[in-house]
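Good morning, everyone, and thank you for making time for this. I would like to walk you slowly through one protein model, so please have the sequence and the picture ready to look at together.

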Amino acid sequence: MAQQEQAAQFTYSKVYNLLSKEEFISSAKSGKVLARKCTKCGHLHLVTTYFCQNCGNKGFESVFFEGKGMVITYTIITVPPAGYEKSVPYAWIVMKIDGVDLRISGFMANIQSPSDLPLGTRVKITGYDERGILIEKL
């Protein structure tokens, strides 16, 4: 019986993760962020978590946020990993989502130096492709 329960849980987790990933990508393509809100304490997480980092609860509800915020840190890439040669220079940024304590990272094209992207710059999510979440200046 325990093996059947484990198999069922694995299948549920696998299907849920696929749905969550597709929903997350779809949300990003429409300029939004799909997050998971703990049903016990309200702590926010991205869709890749299985238990609340704050209280350990495993219950969540989906919540959506506008994909707007500000740059809190970034790295400028001038020597790209294999497959990204045509994208340089670019920045991999971390943005804080407006109105909530949630951060998300993504790709921003044509950033050559720190003067192109001061910390605190207002940004928005504009899509998703093979590079990940796409972010542009507001």
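Let me begin with two residues, Tyr90 and Phe107, both of which are buried. Please keep in mind throughout that what we are looking at is a predicted model.

When the whole structure is searched for aromatic pairs, 1 is found. The ring centres of Tyr90 and Phe107 lie 4.7 Å apart and the ring planes make an angle of 35°, so this pair is described as tilted. For those of you who have not met such descriptions before, a pair of aromatic rings is characterised by how far apart the centres are and by the angle of the planes. Where do Tyr90 and Phe107 sit along the chain? Tyr90 belongs to strand β5, residues 90–97, while Phe107 belongs to strand β6, residues 103–109, so the pair ties together parts that are 17 residues apart in sequence.

Now let us step back and look at the chain as a whole. It contains 1 helix and 8 strands, and if you read along the sequence you meet them in the pattern α-β-β-β-β-β-β-β-β. Of the 138 residues in the protein chain, 33% are buried. If we take the contacts with a separation of 6 or more, then 47% of them are between residues 24 or more positions apart. The protein chain exposes about 8,500 Å², and 54% of that area is supplied by carbon and sulfur atoms.

With that picture in mind, let us turn to His45, which you will find in strand β2, residues 44–46. Is His45 buried or exposed? Its relative accessible area is 3%, and because anything under 20% counts as buried, His45 is classed as buried. A polar atom of the His45 side chain lies 3.0 Å from the backbone nitrogen of Gln53. If we leave aside the neighbours within four places in sequence, His45 is in contact with several residues, among them Arg36, Phe51, Gln53 and Leu102.

One of those contacts, Arg36, deserves a word of its own. Arg36 is part of strand β1, residues 32–38, and with a relative accessibility of 8% this residue also counts as buried. Between the C-alpha atoms of Arg36 and Thr48 there is a distance of 8.8 Å, although 12 residues separate them in sequence.

Thr48 brings us to a pocket. The second largest pocket has a volume of about 170 Å³, and 10 residues line it, of which Ser20, Lys21, Phe24, Val47 and Thr48 are the closest to its centre. Which element gives the largest share of that lining? The answer is helix α1, residues 2–29, which contributes 5 residues.

Next, I would like to visit the loop between β6 and β7, where we can compare three residues. Asn110 lies in this loop, and with a relative accessible area of 61% it is exposed. Its phi angle is near 60°, which is a positive value in a residue other than glycine. Pro118 is placed in the loop between β6 and β7 as well, but at 45% relative accessibility Pro118 counts as partly exposed. The C-alpha atom of Pro118 is 9.2 Å from that of Ile72, with their positions 46 residues apart along the chain. Thr121 is the third residue I have chosen from this loop, and at 15% relative accessibility Thr121 counts as buried. The Thr121 side chain reaches the backbone oxygen of Pro118 at 2.5 Å. Not counting residues up to four places away in sequence, Thr121 touches Gly69, Met70, Val71 and Lys137.

Finally, let us look at the loop between β4 and β5, where Pro89 is located. The peptide bond that joins Val88 and Pro89 is cis, with omega at about -5°. Thr78 is found in the loop between β4 and β5 too, and its relative accessible area of 52% makes it exposed. What does Thr78 contact once its neighbours within four places in sequence are left aside? The partners are Val88 and Pro89, so to speak the two ends of that cis bond. Thr78 and Gln112, which are 34 residues apart in sequence, have their C-alpha atoms 7.8 Å apart in space.

That is the end of my tour, and I am happy to take questions.

Key: Residues numbered from 1 in each chain as written. Predicted model: local features only at pLDDT ≥ 70, side-chain atom pairs only at ≥ 80, totals over all residues. Heavy atoms only, no water. Helix = DSSP H or I, 4+ residues; strand = E, 2+ residues; numbered from the N terminus. Buried < 20%, exposed > 50% of the residue type's maximum accessible area, 1.4 Å probe, protein only. Contact = heavy atoms within 4.5 Å. Areas by Shrake-Rupley, 256 points an atom, 1.4 Å probe, with all protein chains shown as cover. Phe/Tyr/Trp six-rings, centres within 6.5 Å; stacked < 30°, edge-to-face > 60°. Polar contact = N/O pair within 3.5 Å; in protein donor to acceptor, adjacent residues only side chain to side chain. 1 Å grid on protein atoms, 1.4 Å probe; cavity = no way out; pocket = protein on both sides within 12 Å on 5 of 7 lines; lining within 4 Å. Points joined across faces, edges and corners; volume = space filled by probe spheres on them.
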